[in-house]
Amino acid sequence: TGVVTSATPLSEQGGYYCDVCECLLKDSLSYMDHINGKKHQRLLGMSMRVKRSTLDDVRARLQAHKRKREEEARGTDTAARLAKYEERMKRLEEAERERKESRRVKRQRKTKQSSGQEPTTIAAAAAGGDDSG
């Protein structure tokens, strides 16, 4: 802690110090008024003038908002997306079942061939196996 005198730099004195404008403000209300004021904004490079919009600018902005709203509507249709997902999952499960069944039949054929049965008997057994599933 140190003693604050009139010779102490502004940035080290009590209150709110603005680095941009190099000024000291005593309370938060005056600091906020300063931050939003002309002098501070001008030193930041901000123009306090509002640009006049043309009819084309307004139309372009409205089109952009409309496109954004349509994209959001397409993306948030959760019921349709869920139905598509479930349908895709059923197809994948069915394909997986068929793949496993074909592998099982191939394995059975291979084991029966190695045990010495005739190929015609194997084909008949495979045909009979499909009716039971």
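These exercises walk through a predicted model of one protein chain.

**Exercise 1. The overall layout**

Task: State how many helices and strands the protein chain has, and in what order they come.

Solution.
- Step 1. Count the elements. The protein chain has five helices and two strands.
- Step 2. Read along the sequence. The pattern is β-β-α-α-α-α-α.
- Step 3. Look at burial. Of the 133 residues of the protein chain, 11% count as buried.

**Exercise 2. Confidence along the chain**

Task: Find which element has the lowest mean pLDDT and which has the highest.

Solution.
- Step 1. Start with the protein chain. Its mean pLDDT is 82. Of its residues, 79% reach 70 or more.
- Step 2. Go to the elements. Helix H5, residues 119-132, has the lowest mean pLDDT, at 56.
- Step 3. Take the other end of the scale. H1 has the highest mean pLDDT, at 93.

**Exercise 3. Salt bridges**

Task: Say how many salt bridges the structure holds, then examine Lys51 with Asp57, Glu87 with Arg91, and Arg97 with Glu94.

Solution.
- Step 1. Recall the principle. Side chains of opposite charge can pair when their charged atoms come close.
- Step 2. Give the count. The structure holds five salt bridges.
- Step 3. Take Lys51 and Asp57. Their side chains meet at 3.5 Å, N to O. The cut-off is 4 Å, so this pair qualifies.
- Step 4. Check how open the two partners are. Lys51 has a relative accessible area of 64%, so Lys51 is exposed. Asp57 has 33%, so Asp57 is partly exposed.
- Step 5. Take Glu87 and Arg91. Their closest N and O atoms are 3.0 Å apart. Both residues lie in helix H4, residues 78-115. They are four residues apart, about one turn of the helix. Glu87 counts as partly exposed, at 47% relative accessibility.
- Step 6. Take Arg97 and Glu94. Their side chains meet at 2.7 Å, N to O. Arg97 and Glu94 are three residues apart in helix H4, so about one helical turn separates them. Glu94 is partly exposed, with a relative accessible area of 34%.

**Exercise 4. Cysteines**

Task: Decide how many disulfides the count gives, using the sulfur distances of Cys18 and Cys23.

Solution.
- Step 1. Recall the bond. A disulfide is a covalent bond between the sulfur atoms of two cysteines.
- Step 2. State the result. The count comes to zero disulfides.
- Step 3. Test Cys18. The nearest cysteine sulfur, that of Cys21, is 3.9 Å away. A disulfide needs sulfur atoms within 2.5 Å, so Cys18 is in no disulfide.
- Step 4. Test Cys23. The nearest cysteine sulfur is that of Cys18, 4.9 Å away. Cys23 is in no disulfide either.
- Step 5. Add the surroundings. Cys18 counts as buried, at 3% relative accessibility. Cys23 counts as buried too, at 15%.

**Exercise 5. An aromatic pair**

Task: Describe how the rings of Tyr16 and Tyr31 pair, and where the two residues lie.

Solution.
- Step 1. Know what to report. A pair of aromatic rings is described by the distance of the centres and the angle of the planes.
- Step 2. Give the count. The structure has one aromatic pair.
- Step 3. Give the geometry. Tyr16 and Tyr31 lie 5.4 Å centre to centre, with 25° between the planes. Planes under 30 degrees apart count as stacked, so this pair is stacked.
- Step 4. Place the partners. Tyr16 is in strand E1, and Tyr31 is in helix H1, residues 28-35. The pair links distant parts of the chain, 15 residues apart.
- Step 5. Check exposure. Tyr16 counts as partly exposed, at 36% relative accessibility. Tyr31 also counts as partly exposed, at 23%.

**Exercise 6. The loop between E1 and E2**

Task: Explain what stands out about the phi of Glu22, and which surface patch Val20 helps to make.

Solution.
- Step 1. Locate both residues. Val20 is in the loop between strand E1 (16-18) and strand E2 (23-25). Glu22 is in the loop between E1 and E2.
- Step 2. Recall the usual case. Most residues other than glycine have a negative phi.
- Step 3. Compare Glu22. Its phi is near 55°, a positive value in a residue other than glycine. Glu22 is exposed, with a relative accessible area of 56%.
- Step 4. Turn to Val20. With Leu43, Leu44, Met46 and Met48, Val20 makes a nonpolar surface patch of about 480 Å².
- Step 5. Check that Val20 can belong. Patch residues need over 30% relative accessible area. Val20 has 39% and is partly exposed.

Key: Residues numbered from 1 in each chain as written. Predicted model: local features only at pLDDT ≥ 70, side-chain atom pairs only at ≥ 80, totals over all residues. Heavy atoms only, no water. Buried < 20%, exposed > 50% of the residue type's maximum accessible area, 1.4 Å probe, protein only. Patch = residues over 30% accessible without salt bridge, like charges linked within 9 Å, V, L, I, M, F, W, Y side chains within 5 Å. Areas by Shrake-Rupley, 256 points an atom, 1.4 Å probe, with all protein chains shown as cover. Phe/Tyr/Trp six-rings, centres within 6.5 Å; stacked < 30°, edge-to-face > 60°. pLDDT = per-residue confidence, 0-100.
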